[in-house]
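Got the viewer open? Here is a short tour, one selection at a time.

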Amino acid sequence: MALNLAKVLIAYLKDRPEEKFTARQIAEWVFATFPAECQAKKASSKFITNDAELVQQLVAEISSQRPVLQKRHLELKTTEGRPRKYYYSERTDSAEVAAVESAGTTSAADASASKVDEHALYPLLSQYLWEEFGVFSKRIDEKRSSNKRGPNGNRWLYPDVVGMEDLGADWHQEVRDCVNQYSDKRTKLWSFEAKLLINRSNVRECFFQAVSNSSWANFGYLVAAEIGGTDTLKELRMLFAAHGIGFIKLDVDNPADSQVLIPARERDEIDWDMANRLATENRDFLEYVKLVKQFYQTGEARPADWDVPELDD
């Protein structure tokens, strides 16, 4: 009996709604569950000589059939980034976002989809920024703001995380001293807006939130633990072309495997007027500015003052 991979794929995911699997995980399940059909497929092929090559062929076929299957089965959804994951969901895109962001989800499927809340993303992001870029980061809590402009006066004003990159970390001390004497740049300042899930229902809102609260920095990034939908990343790239905000896919299981899918476009100058507003109205941002000033005064940044992982001796 010939293996109908498309039918098997849909049935497998439908029996496990909201659970996400890579093409390889699905292929390995197919290989284990339909041994006779798989061996028949291998025997009929001139190019597949062993089981490993057969599984790889299943992976390739799952990936190649995805666009057609998603047109036929609207409930078949995927994430973007590497590795792409497949899942079956009858929820709308906006309902998926609401389920992930809801603090009161109790079902096993929702618990699997939302292993962390948004606040848990911040230390993971800080770890990635430190290990990958050597960026010192600090959390900005909007609750530590004055709110003197009213309930919506500071909407989309504060980023979730800010960072400082020491451009001279590997410079000779004489070069550092020379740059200081010339009052030249020693840092790049970064801004990050973090989300659990971005898909077609909220991609523009999330992006323009990042545009709004990153306008002061050299680099602005939107960060997400998961990106869903087939056109979401395409939309982000189009928006980047106009506004320069980058995108980071944050791996919550292993932050070191996070990916900069869209590098941010650098702004040459800091908007100090906007930075002044943030520092005036938010104590965390004021502390961030003090740490940047301290770095310029001393030439050193102490990791203990920032939200970076503890360093090994």
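Select Asp271 and Asp273 and zoom in on the start of helix 11: a side-chain oxygen of Asp271 reaches to within 3.3 Å of the backbone nitrogen of Asp273. Keep in mind throughout that you are looking at a predicted model.

Now widen the selection to residues 272-281, which make up helix 11. Which residues of helix 11 are buried? Colour Ala275, Leu278, Ala279 and Glu281 and you have them. To see what these buried residues pack against, add 283-298, which is helix 12.

Next, jump back along the chain to the sheet. Three strands form an open sheet here, in the order 1-3-2, and the pairing is antiparallel. Show 21-22 and 76-78: strand 1 and strand 2 are the edge strands, each pairing on one side only. Then add residues 85-88 for strand 3, which pairs with strand 2 in the antiparallel sense over three bridges. For a landmark, label Leu76 and look straight across to Tyr88 in strand 3, which stands opposite.

With the sheet still on screen, bring in two helices. Residues 5-14 are helix 1, and helix 1 lies across strand 1, strand 2 and strand 3, at about 70 degrees to strand 3. Helix 4 lies across strand 2 and strand 3, and runs at about 125 degrees to strand 2.

Stay on helix 4 and pick Val68, which lies in that helix. Is Val68 buried, partly exposed or exposed? Its relative accessibility is 43%, so Val68 counts as partly exposed. Draw a C-alpha to C-alpha distance from Val68 to Ala6: the two are 62 residues apart in sequence and 9.9 Å apart in space.

Last stop: helix 3 against helix 4. Select residues 35-43 and 51-72; these two helices pack at an angle of about 95 degrees, with their axes 10 Å apart. That angle is why helix 3 counts as roughly perpendicular to helix 4. Which residues make the meeting? From helix 3, show Cys38, Gln39, Lys41 and Lys42; from helix 4, show Asp51, Leu54, Gln57, Leu58 and Glu61. Colour that contact by class and you get three nonpolar, two polar and four charged residues.

Definitions and conventions. Residues are numbered from 1 along each chain as its sequence is written. This is a predicted model: local features need pLDDT of at least 70, side-chain atom pairs count only at pLDDT 80 or more; totals for chains, interfaces and linings use all residues. Side-chain values use heavy atoms; hydrogens and water are left out. Axes are lines fitted to C-alpha atoms, for helices over the stretch in contact, and angles run from 0 to 180 degrees between N-to-C directions. Helices (H or I, at least four residues) and strands (E, at least two) are DSSP runs, numbered from the N terminus. Angles under 35 degrees count as roughly parallel, over 145 as roughly antiparallel, 65 to 115 as roughly perpendicular and the rest as oblique. Contact means heavy atoms within 4.5 Å. Ala, Val, Leu, Ile, Met, Phe, Trp, Tyr, Cys and Pro count as nonpolar, Asp, Glu, Lys and Arg as charged, and the others, Gly among them, as polar. Two strands pair if DSSP finds at least two bridges between them. Buried means under 20% relative accessible area, exposed over 50%, partly exposed in between (1.4 Å probe, protein chains only). A polar contact is a pair of N or O atoms within 3.5 Å; within protein, one must be able to donate a hydrogen and the other to accept it, and residues adjacent in sequence count only if both atoms are side-chain atoms.
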